[in-house]
Amino acid sequence: MSNESLERIARNKNVARAAARQLSMEQLHKLAEVIGEVIEQKNDEERRRQEDEALKARKLAEIREQINEAGLSVDDLVPEQPRRKRGRPPKKADNG
(Lines give C-alpha, C1' and ligand atoms only; values in the text may rest on other atoms or scores of the structure.)
Protein backbone atom coordinates (compact mmCIF):
# COMPACT_ATOMS: atom_id res chain seq x y z
CA MET A 1 0.00 0.00 0.00
CA SER A 2 1.45 3.30 -1.02
CA ASN A 3 1.79 6.39 1.11
CA GLU A 4 -0.77 8.11 -1.12
CA SER A 5 -3.33 5.37 -0.37
CA LEU A 6 -2.85 5.76 3.37
CA GLU A 7 -3.26 9.52 3.07
CA ARG A 8 -6.48 9.07 1.05
CA ILE A 9 -7.84 6.66 3.65
CA ALA A 10 -6.91 9.01 6.49
CA ARG A 11 -8.58 12.01 4.83
CA ASN A 12 -11.85 10.39 3.79
CA LYS A 13 -14.09 8.29 6.04
CA ASN A 14 -15.88 6.64 3.08
CA VAL A 15 -12.56 5.58 1.54
CA ALA A 16 -11.52 4.17 4.92
CA ARG A 17 -14.79 2.22 5.18
CA ALA A 18 -14.33 0.80 1.69
CA ALA A 19 -10.78 -0.28 2.51
CA ALA A 20 -11.93 -1.79 5.83
CA ARG A 21 -14.59 -3.90 4.07
CA GLN A 22 -11.79 -5.78 2.33
CA LEU A 23 -10.31 -6.91 5.67
CA SER A 24 -11.47 -9.54 8.11
CA MET A 25 -12.33 -8.63 11.71
CA GLU A 26 -9.05 -10.19 12.85
CA GLN A 27 -7.13 -8.06 10.35
CA LEU A 28 -9.01 -4.92 11.43
CA HIS A 29 -8.20 -5.55 15.10
CA LYS A 30 -4.54 -6.15 14.23
CA LEU A 31 -4.51 -2.95 12.14
CA ALA A 32 -6.06 -0.98 15.00
CA GLU A 33 -3.41 -2.39 17.37
CA VAL A 34 -0.56 -1.49 15.02
CA ILE A 35 -1.93 2.01 14.37
CA GLY A 36 -2.32 2.51 18.13
CA GLU A 37 1.34 1.61 18.63
CA VAL A 38 2.41 3.96 15.83
CA ILE A 39 0.36 6.80 17.34
CA GLU A 40 1.91 6.15 20.75
CA GLN A 41 5.43 6.22 19.25
CA LYS A 42 4.72 9.47 17.40
CA ASN A 43 3.33 11.03 20.58
CA ASP A 44 6.48 10.00 22.48
CA GLU A 45 8.72 11.41 19.75
CA GLU A 46 6.80 14.69 19.73
CA ARG A 47 6.90 14.95 23.53
CA ARG A 48 10.68 14.35 23.51
CA ARG A 49 11.16 16.93 20.77
CA GLN A 50 9.16 19.50 22.73
CA GLU A 51 11.13 18.74 25.91
CA ASP A 52 14.40 19.16 24.01
CA GLU A 53 13.23 22.49 22.57
CA ALA A 54 12.14 23.69 26.03
CA LEU A 55 15.51 22.70 27.52
CA LYS A 56 17.34 24.48 24.72
CA ALA A 57 15.23 27.61 25.23
CA ARG A 58 15.94 27.56 28.99
CA LYS A 59 19.69 27.16 28.40
CA LEU A 60 19.65 29.98 25.87
CA ALA A 61 17.81 32.26 28.30
CA GLU A 62 20.34 31.41 31.03
CA ILE A 63 23.26 32.17 28.73
CA ARG A 64 21.72 35.47 27.63
CA GLU A 65 21.17 36.41 31.27
CA GLN A 66 24.80 35.57 32.11
CA ILE A 67 26.00 37.64 29.15
CA ASN A 68 23.91 40.62 30.30
CA GLU A 69 25.10 40.25 33.90
CA ALA A 70 28.69 40.29 32.68
CA GLY A 71 28.02 43.51 30.79
CA LEU A 72 28.66 41.87 27.42
CA SER A 73 26.70 41.59 24.22
CA VAL A 74 26.54 38.85 21.64
CA ASP A 75 28.71 41.01 19.37
CA ASP A 76 31.48 40.82 21.98
CA LEU A 77 31.48 37.03 21.72
CA VAL A 78 31.46 36.73 17.94
CA PRO A 79 34.57 38.08 16.27
CA GLU A 80 33.99 40.21 13.23
CA GLN A 81 34.26 38.17 10.07
CA PRO A 82 36.88 39.28 7.55
CA ARG A 83 35.27 40.92 4.57
CA ARG A 84 35.60 39.26 1.24
CA LYS A 85 37.43 41.05 -1.48
CA ARG A 86 35.16 41.88 -4.32
CA GLY A 87 36.02 41.45 -7.93
CA ARG A 88 36.96 38.64 -10.21
CA PRO A 89 39.63 36.11 -9.35
CA PRO A 90 42.87 36.35 -11.34
CA LYS A 91 42.94 34.52 -14.66
CA LYS A 92 45.11 31.45 -14.89
CA ALA A 93 48.34 31.99 -16.73
CA ASP A 94 48.41 30.40 -20.16
CA ASN A 95 51.66 28.41 -20.32
CA GLY A 96 51.31 27.25 -23.86
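Modeller: A salt bridge is a side-chain nitrogen of Lys or Arg within 4 Å of a carboxyl oxygen of Asp or Glu. This is a predicted model: local features need pLDDT of at least 70, side-chain atom pairs count only at pLDDT 80 or more, and totals for chains, interfaces and linings use all residues. Residues are numbered from 1 along each chain as its sequence is written, and side-chain values use heavy atoms, without hydrogens and water.

Biologist: How many salt bridges does the structure hold?

Modeller: Arg11 pairs with Glu7 in one of them. Arg49 with Glu46 is another. The structure's count is six.

Biologist: How far apart are the closest N and O atoms of Asp44 and Arg47?

Modeller: Asp44 and Arg47 are three residues apart in helix α3 (helices are DSSP runs of H or I, at least four residues, numbered from the N terminus). That puts about one helical turn between Asp44 and Arg47. Their salt bridge has its closest N and O atoms at 3.8 Å.

Biologist: Which residue is linked with Asp44 and Arg47 in a network of salt bridges?

Modeller: Asp44 and Arg47 bridge each other. The network they belong to also takes in Glu51.

Biologist: Is Arg11 buried or exposed?

Modeller: Arg11 lies in helix α1 (residues 3-11), as does Glu7, four residues away. The two form a salt bridge with closest N and O atoms 3.9 Å apart. Buried means under 20% relative accessible area, exposed over 50%, partly exposed in between (1.4 Å probe, protein chains only). Arg11 has 62%, so the class is exposed.

Biologist: And what is the relative accessibility of its partner, Glu7?

Modeller: Glu7 counts as partly exposed. The value for Glu7 is 39%.

Biologist: What is the N to O distance between Arg49 and Glu46?

Modeller: Both residues sit in α3, three residues apart, about one turn of the helix. Arg49 is partly exposed at 37%, and Glu46 is partly exposed at 33%. Their side chains meet in a salt bridge at 2.4 Å.

Biologist: How far apart are the end C-alpha atoms of α3?

Modeller: Helix α3 runs over residues 25-69. It has 45 residues, so at 1.5 Å a residue it should span 66 Å (1.5 Å times one less than its number of residues). The model agrees: the end C-alpha atoms are apart by 65 Å.

Biologist: Which residue takes a positive phi just after α3?

Modeller: The helix covers residues 25-69. Just after α3, a phi of about 75 degrees is taken by Gly71.

Methods: Helices (H or I, at least four residues) and strands (E, at least two) are DSSP runs, numbered from the N terminus.
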